[in-house]
Amino acid sequence: MTVSSYTERPAHKIDEADGLSVPWSRPRPKRHGISARAVSAVTILVVLAVWALSARLQLVSPVFLPSPVAVWNKFIVVARDGFVDATLLQHVVASLGRVFAALVAAIVVGVPVGLAIGISTIGRGIFDPLLEFLRPIPPLAYLPLVIIWFGIGEPSKILVIAIAMLAPIALSTASGVRGVSQERINAARSLGATRGQAVRHVILPSALPAILTGLRIALGAGWSTLVAAELVAATRGLGFMIQSAAQFLVTDVVVMGILVIAAIAFVLEFTIRRIERVLVPWAGRE
Amino acid sequence: MPHLVLDPHLALDKVSIHYDGQPAPAVERVSIDVAKGDFVVLVGRSGCGKTSLLNVAAGLVAPARGRATINGKPIAAPGSDRAVVFQNDALFPWLTARENVAFALRLRGIRPAERARRADELLELVKLGGAGDKHIWELSGGMRQRVGLARALAAEPEFLLLDEPLGALDALTRERMQTTLLDLWTASDVGVLMVTHGIEEALVLATRIVVLAPGPGRVVRSFEPGFSTRYAAGEAIRTIKADPAFAAARGELTDAIFEGEAA
């Protein structure tokens, strides 16, 4: 007898923030018992085998293509004895330090900017064009300007990374804020929340899953900007290590550095996903 | 109609609602008066503007013409003197059931221990005692609506605005929730304004039923079924529903709702 109708309700009824995919809650399609993971493992093994074989048969000179074993040995050596006056761990710590300093800066600026874009027309008017301008510029393009303005010290390196992180964080925050269900905000207001309280107690927590997605994307963007940031006047860092090695054609260190950068990116991604699960366990469950 | 300000009243006076970009008003010159202790239920076909009227009372929609007042003062914004319970519960999934209920208390800066105690009392009242630590996604639809109800009551409102709160529930859960609603209403002196699609639900709960018709939304009939008063006086809900007078009232109300509709 009671049939609920939606016809007289507001059209914008979005409960989850858009762009908010929750990969772990999505059932993975499995066909004929073959899992994507197994296929991936085989792919990696094949690539490694082709690499090892080409190196073994000397299809390419070892100067240009060292064997996997040589790269692994170099990894051990650099980890123990270091390369260009620093151990591998010190390079990693220097790079991670820059990326996380940049992440903090990008959060401090990006989340409020995203909030402003999401909740206010004026905020959107101000920040949207600025972000859209900044977003597609490759870091190597603004690096010289940052150096001219801020010198060759550590702040410039952090700034270059932070600029790359800003847009993903701000835009994800904005999309999360815009996706907050109006009914939830109305509920808070009818319970006596002021506008400020509604932002703090409802809009921000509602947007948290989207903000974390933004952080994940930003860490990826920042990490891939690392080499550019360490182009100038660095004495430590993975990017610096790779460039120094390239200048002396120490290809095994270059390849090893690339693999370390990739491995750390993988670990970061994995860690943030775990953090997402702990911080926003409700995402995708409503 | 002038009212004594001392006597709590939620009043919509010749309210018209006109949404931007719509050629015709959604609601035209509707007056509804909810006094303390009233249980007023709005029914009508889709598009009659019952939810719009509730939103005006909540302060979420401004009327194009007419006046919405609470205790004589114009309604300009949402306020905790008129707590709303929505159809899609609108609970906060990052909070536990207890924290959801305590939300209004937290906004007022009440200490954590005290608000947890109050919240547990209210959960007990809506028959959810012991579920305080549960996460929202662990609760069934009926339990969620009970949390929503307790959360609204925590604001200690003079009026409760219920927007089809039982619309998404299955028939058995809905019947149980109706009893809970009646018990809460009987035990307090809160005035209720409720929107529903359920004809039987309206009859069971209301002290007064206002029937609206669409195009534009307007009041066509007003009933005082009196069944909820009988429940408050101690009669069982099954006995009331089995009463031939109930069936007659249901027929009359159904006719009023569908009057003038092209077959």
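**View 1. Chain B on its own, in this predicted model.** Take a compact globule of 263 residues: its radius of gyration would be near 18 Å, and chain B comes out at 18 Å, so the two agree. Stretched along its principal axes, the C-alpha trace of chain B spans about 55 × 45 × 35 Å. Its secondary structure adds up to ten helices and ten strands. Of the 263 residues in chain B, 49% are buried. If you look just at contacts in chain B with a separation of 6 or more, 69% of them link residues 24 or more positions apart.

**View 2. Where chain A touches chain B.** Here 24 residues of chain A are in contact with 36 residues of chain B. On the chain A side, α7 (182–190) and α8 (195–229) each chip in at least two residues. The largest share, six residues, belongs to α7(A). What kinds of residues make up this side of chain A? Sorted by class, there are eight nonpolar, nine polar and seven charged ones.

**View 3. Helix α2 of chain A, end to end.** This helix covers residues 68–81, which is 14 residues. At 1.5 Å a residue it should span 20 Å, and its end C-alpha atoms are indeed 20 Å apart, so the expectation holds. Right after α2(A) comes A:Gly82, with a positive phi near 90°.

**View 4. The two sides of α2(A).** Which residues of α2(A) are buried? They are A:Val71, A:Lys74 and A:Val78. Looking down the axis of α2(A), you'd find these buried residues within an arc of 55°, so they line one face of the helix. As a rule, an α-helix has 3.6 residues a turn, so residues three or four places apart point the same way. The cover over the buried residues of α2(A) includes α3 (88–119) and α10 (251–279) of chain A. Flip to the other side of α2(A) and you meet A:Val69, A:Ile76 and A:Arg80, which are exposed.

**View 5. How confident the prediction is along chain A.** Chain A has an average pLDDT of 86, and 88% of its residues score at least 70. Confidence in chain A is lowest in α2(A), with a mean of 90, and highest in α3(A), at 95. Then there's the stretch of residues 1–24 of chain A, where the pLDDT is below 50. Beyond near neighbours in sequence, that stretch has 49 contacts in the model.

Key. Residues numbered from 1 in each chain as written. Chains lettered and ligands numbered in written order. Predicted model: local features only at pLDDT ≥ 70, side-chain atom pairs only at ≥ 80, totals over all residues. Contact = placed C-beta atoms within 7 Å. Helix = DSSP H or I, 4+ residues; strand = E, 2+ residues; numbered from the N terminus. Nonpolar A, V, L, I, M, F, W, Y, C, P; charged D, E, K, R; others polar. Expected span 1.5 Å × (residues − 1). Buried ≥ 20, exposed ≤ 12 C-beta atoms within 10 Å, placed from the backbone. Arc of directions from axis to C-beta. pLDDT = per-residue confidence, 0-100. Rg over C-alpha atoms; globule rule 2.2 N^0.38 Å.
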